[in-house]
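I opened this entry to keep a record of what I looked up, item by item.

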Amino acid sequence: MAKKRPAAKTAKPQLKNGEIPVVGAREPCPCGSGRRYKACHGAAAAHAVTEHVARPFEGLPGECDWVALRELVPAATIPLTLKGGLPEGVPSVTLVTVLPMAWPALRREDGSVLLGLQNDSTTGDLARDMADTLERALVAEPGTPVAARRVPAEGPRLQDLLDTDGVFEPVVHTGFEFWIPDAESAQSASPEIAASLERANAAAIPTVKLAGVDAAYWCETPDKNHLRWVMPHPEEKLLDALARLHAAGTSSLGEGTRLVGSFRAHGLVVPVWDLPTGVSADDVEKPAAEFAERLATALASDAPLTADERRARGGLTNRQVTLS
């Protein structure tokens, strides 16, 4: 007897790379290859996830403030301007440091959007993750939060969605009452949101943005106060300049203050000063402006570092902490 021919299988439609959705790693790849996603198109997606963008906010207005609000400031809001204007039904888009329940974004009942900044990144490019969240928030049902998800490897970045000529002016708050738009909403907030608001307010460190210099934030802690200043200068050049000032004894912000080191965050350096408990944000406005002038002079110098300056630079480098 002749062998029966196997029934012809219906060929699965082949999708183009740009049309292939993200699925679970062990699920069949949507392209129709018959292989698991992680062994097929998921391999490229996994590679994209591991690629780290060192300066995700580069090219946006207020890059230093983006970094500060991401890493240092508990409660702040900033109106955002979109390229091409706001979609119909969306009266405003506001960047916020954090949202209740760690939501990536929230579409309020009135259609306005709150976009959270202090959330995890899944692609290695925070600007891409946040752009994906923003796009989903703009079309979400009013009154609903936007859930976290694994962001596709390809897609727009914040720089593609936001007006890069727009104004970026953070407003620092003492608490998180901006989560709830009015007193009537506050009384009707769910127990989960009310509890989250109470916890967040209790943990918030008092913080003030200095008015006289860019991206410098005073904060109060139980033992001492601090000034944390996000600076846009190239790291090596900035560390040389700080070392020159430190060796010369001109790196402080007045009596009892001390430059103690720096953070590295999202590709920028954040020098940190210890301040006595009684020193307020107003007290360091003038010293910070005077320091900015000394720093500009030190940054302009191309002279080789002296032995004392090299020792000062080594001390600053040893006390540097990388946040992201």
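Which residues of S11 are buried on one side, and which on the other? I found Leu268, Val270, Val272 and Asp274 buried on one side, and Val269, Pro271, Trp273 and Leu275 buried on the other; buried here means under 20% relative accessible area, exposed over 50% and partly exposed in between, with a 1.4 Å probe and protein chains only. In a regular strand the side chains alternate between the two faces of the sheet.

I noted that this is a predicted model, in which local features need pLDDT of at least 70 and side-chain atom pairs count only at pLDDT 80 or more, while totals for chains, interfaces and linings use all residues. Residues are numbered from 1 along each chain as its sequence is written, and side-chain values use heavy atoms, with hydrogens and water left out.

**Whole chain.** I read 9 helices and 12 strands for the protein chain, these being DSSP runs numbered from the N terminus (helices H or I, at least four residues; strands E, at least two). Of the 324 residues, 44% are buried. I also looked up the contacts (heavy atoms within 4.5 Å): among those between residues at least 6 apart in sequence, 63% join residues at least 24 apart.

**Around S11.** Strand S11 covers residues 268–275, and 8 of its 8 residues are buried. I found S11 paired in the antiparallel sense with strand S10 (residues 258–265) over 7 bridges, where two strands count as paired if DSSP finds at least two bridges between them. Serine 262 stands opposite proline 271 in S11. The hairpin of S10 and S11 has 2 residues between the strands, and histidine 266 takes a positive phi near 50° there. Strand S9 (residues 225–229) also runs antiparallel to S11, joined by 4 bridges, with asparagine 225 opposite leucine 275.

**The six-stranded sheet.** I traced an open sheet of 6 strands with mixed pairing, in the order S5-S3-S4-S2-S1-S6. Its edge strands are S5 (144–146) and S6 (171–172), each of which pairs on one side only. Strand S3 (residues 105–107) pairs with S5 in the antiparallel sense over 3 bridges, and alanine 105 stands opposite valine 146 in S5.

Within strand S4 (residues 113–116) I looked up glycine 116, which counts as buried because its relative accessible area is 5%. Its C-alpha lies 5.0 Å from that of valine 98, although the two are 18 residues apart in sequence. Beyond four places in sequence, glycine 116 touches Val96, Thr97, Leu99, Pro104, Ala105 and Met130.

In strand S1 (residues 76–79) I turned to threonine 77, which is buried because its relative accessibility is 12%. Its side chain and that of histidine 173 are joined by a polar contact of 2.9 Å, the term meaning a pair of N or O atoms within 3.5 Å, of which, within protein, one must be able to donate a hydrogen and the other to accept it, residues adjacent in sequence counting only if both atoms are side-chain atoms. Leaving out residues up to four places away, threonine 77 touches residues including Thr94, Glu169 and Phe178.

**Aspartate 129.** What is the nearest side chain of opposite charge to aspartate 129? I found arginine 128, 6.6 Å away, and no salt bridge for this buried residue; a salt bridge is a side-chain nitrogen of Lys or Arg within 4 Å of a carboxyl oxygen of Asp or Glu, and for charge Lys and Arg count as positive and Asp and Glu as negative, with His and the chain ends not counted. Aspartate 129 sits in helix H3 (residues 126–138), and a polar atom of its side chain lies 2.6 Å from the backbone nitrogen of threonine 122.
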